[in-house]
Amino acid sequence: MPAKTPTPAGEPPTVPEEAVTPLIRGIAVLRELTAAAGGTMSLSALERATGLARSTVDRIAATLARMGYVRLDGRDAVLAPPVMELGNAYLAALRLPALLSGRADDLADELDESVSLAVADRDGIRFIHQATRRRAMSLSFRIGDLLPAERTAPGPLFATEWTDADWTCWHTRRTSDPADRDFPALPPRRPEADAALRDDFAHRTKRAAQDGWSLDDQLIEPGLVAVSVPVRHPDTSRIACVANVVSHTSRHTAESLRTTLLPRLRTAAEAMQEDLRRPTAAPAAPATPTGLATWTSGSKQQLGREFIESLARGLTVLTAFGEGRSALTLSEVARATGLARATARRALITYEHLGLVTHSATTRTFSLTPRVLALGFPPLSRTTLPRIAAPHMAALTDRVQESTSLAVLTTSTPTPGDEIHYVARTPARHVMSVDIAAGTRLPARKTAAGRLLLDAGEATHALLDEEWEEGLRAIAVPLHDRTGRTIAALTTTTHTARRTQEECERDILPHLLTTATRIEADLHTTSRHTQVPLT
């Protein structure tokens, strides 16, 4: 790697000559979409936000859509579940969610409060796991959101390990962004509170170094309180992550967090440190994606100049990392992606410039940084199965011209499983159509979806004829989670006058099965490191 020229604090780093400009621009678009409400922005808004030419934005959006990372909905670009494979690569390489999430979930159940795990990202923090409580007043952040260290409980703990250069960067950021506008996940900070918060953070950091824990007493917003304890790496004693319990002042004061919950949080953190002693998995050797060159060439032929090969290939580099592959050499990255060494090298130079990877001169390896989570992960970390399924269901309805619905077994009836709950529906345009709204509950045994869910593991599909209502014919297929468990049923309904049973199985069933496979692929990507509610 070429030697890097030091950049004075506060000045933007110089772009390396070998950096891939289309990749830099593509990352800028992904970051803007991530910061946007719902992960959605119009192409015109992206043009204004990034300062790129409209034609460039259009080409980037077309390339990201071809990769499945965004969905083009009219004039809007919408982040799509496959983009989460970038953040999944970082979280898998990090290992911490896989090792510690069970402890965090158990602690949340024990305390009946939200529990999270956080890692440092320069002078900020990002949460990498959330175990939330279902209440009207929900207390949690999206996985991957960047928060300023000084307004959080984990921040002072991480700051105990800052160098003078880190403190200089923090002061520079505070001066240039006094209202925290660069942290869209938080309400803006009041300017009059800036000086007090700055002095208080230095004091809180000293206290955290002495006490080994830290409090947040309504620094993020009124009513929110939190307590944090470090989880240290057993080999280096440096902070690997911070365990954090969040509550509301209606249930706990900052003082009661310290006296009531802190002892149990410390016990859990000690157990987490023991978990980190588990042997590291042997480096996995992913199958070489030999089809990448063919795919990019085919995409280029189909889309022409609208497809940016260097952007698609560059993004693929991030997915080379994962479980057992936290640090890779240039040769290993090239081999894992099927890219030429020169192409992989330029992508890595670009990512190092953008702060998405770090390079160790000692081991000559590259590693992902928490900033990779800023590439589409936070908005989708809160998604649900109906949201994942919606665009696929709309496409299915357009294809077969029949209404489509998604159903799950109920869990709150006197006898759970007696009913199905329709959680999503896409109606077809017919004068006479099936009217089953989302939210409807029906007896499970009277529906195709219910029969399929009750007989999970036995039927590949279910077809029911006029059992719930005369003239109504329905065919359903199962949806499975990452473990293979049947969790929902995708159904197409029609009228007996429009299609026979044989026509349903011949003309609709193949499309149903294809759609189910696509929904499952998105669900499995989304749920790898997050919990996806079924409703």
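In this predicted model, a good place to start is Leu 100, whose contacts beyond its sequence neighbours are Leu 117, Val 231, Cys 241, Met 272, Asp 275 and Leu 276. Leu 100 also belongs to the largest nonpolar core, a set of 86 residues, and is listed with Leu 64, Leu 86, Leu 315 and Tyr 351 as the members that touch the most others. Apart from this core lies another one of 24 residues, including Met 393, Val 408, Leu 479 and Cys 504. In soluble globular proteins, nonpolar side chains tend to be buried together.

The wider setting of these cores can be sketched with a few totals. The protein chain has 535 residues, and 49% of them count as buried. Its secondary structure is made up of 17 helices and 17 strands. Among contacts with a separation of 6 or more, 63% are between residues 24 or more positions apart. The chain exposes an accessible surface of about 24500 Å², and carbon and sulfur atoms contribute 49% of that area.

One of the contacts of Leu 100, Cys 241, deserves a closer look. Cys 241 sits in strand β9, which covers residues 239–248. With a relative accessibility of 0%, Cys 241 falls under the 20% limit and therefore counts as buried. Setting aside neighbours within four places in sequence, the residues in contact with Cys 241 are Leu 96, Leu 100, Leu 117, Ala 118, Val 119, Phe 158, Pro 230 and Val 231. The C-alpha atoms of Cys 241 and Ala 120 are 7.5 Å apart in space, although 121 residues separate the two in sequence. Another cysteine, Cys 169, has a relative accessibility of 44% and so counts as partly exposed. The structure contains zero disulfides.

Strand β8, formed by residues 224–232, contains Val 227. This valine is buried, because its relative accessibility is 0%. Beyond the residues up to four places away in sequence, Val 227 touches Ala 153, Trp 213, Ser 214, Leu 215, Ala 243, Asn 244, Val 245, Leu 257, Leu 262 and Leu 265. Val 227 and Ser 247 lie 20 residues apart in sequence, and their C-alpha atoms are 8.9 Å apart.

Tyr 351, already met among the best-connected members of the largest core, leads to helix α13. This helix runs through residues 341–354, a stretch of 14 residues, and reaches 20 Å from its first C-alpha to its last, close to the 20 Å expected at 1.5 Å a residue. Its buried residues are Ala 344, Ala 347, Leu 348, Ile 349, Thr 350, Tyr 351, Glu 352, His 353 and Leu 354. The elements that cover these buried residues include the helices α1 (21–35), α11 (309–318) and α12 (330–337), together with the strands β10 (357–360) and β11 (365–368). Just after α13, Gly 355 adopts a positive phi of about 80°.

Positive phi values also appear in residues other than glycine. Arg 95, in the loop between α4 (84–94) and α5 (96–111), has a phi near 75°. Arg 122 has a positive phi of about 55° and is placed in the loop between β4 (114–121) and β5 (124–131). Arg 122 counts as exposed because its relative accessible area is 56%, where the limit is over 50%.

Two further loop residues give a view of burial and exposure. Is Asp 481, in the loop between β16 (472–480) and β17 (486–495), buried or exposed? At 16% relative accessibility, Asp 481 lies under the 20% limit, so this residue counts as buried. Its side chain reaches the backbone nitrogen of Arg 485 at 2.9 Å. Leaving out residues up to four places away in sequence, Asp 481 touches Ile 487, Leu 523 and His 524.

Thr 460 occupies the loop between α16 (448–454) and β15 (462–465). Its relative accessible area of 59% is why Thr 460 counts as exposed. Even so, Thr 460 touches Leu 452, Val 477 and Pro 478, not counting residues up to four places away in sequence. The side chains of Thr 460 and His 461 are joined by a polar contact of 3.4 Å. Thr 460 and Leu 513 are 53 residues apart along the chain, with their C-alpha atoms separated by 9.4 Å.

Notes
Residues numbered from 1 in each chain as written. Predicted model: local features only at pLDDT ≥ 70, side-chain atom pairs only at ≥ 80, totals over all residues. Heavy atoms only, no water. Helix = DSSP H or I, 4+ residues; strand = E, 2+ residues; numbered from the N terminus. Buried < 20%, exposed > 50% of the residue type's maximum accessible area, 1.4 Å probe, protein only. Contact = heavy atoms within 4.5 Å. Areas by Shrake-Rupley, 256 points an atom, 1.4 Å probe, with all protein chains shown as cover. Disulfide = S-S within 2.5 Å. Core = buried A, V, L, I, M, F, W, Y, C linked by side-chain atoms within 4.5 Å. Expected span 1.5 Å × (residues − 1). Polar contact = N/O pair within 3.5 Å; in protein donor to acceptor, adjacent residues only side chain to side chain.
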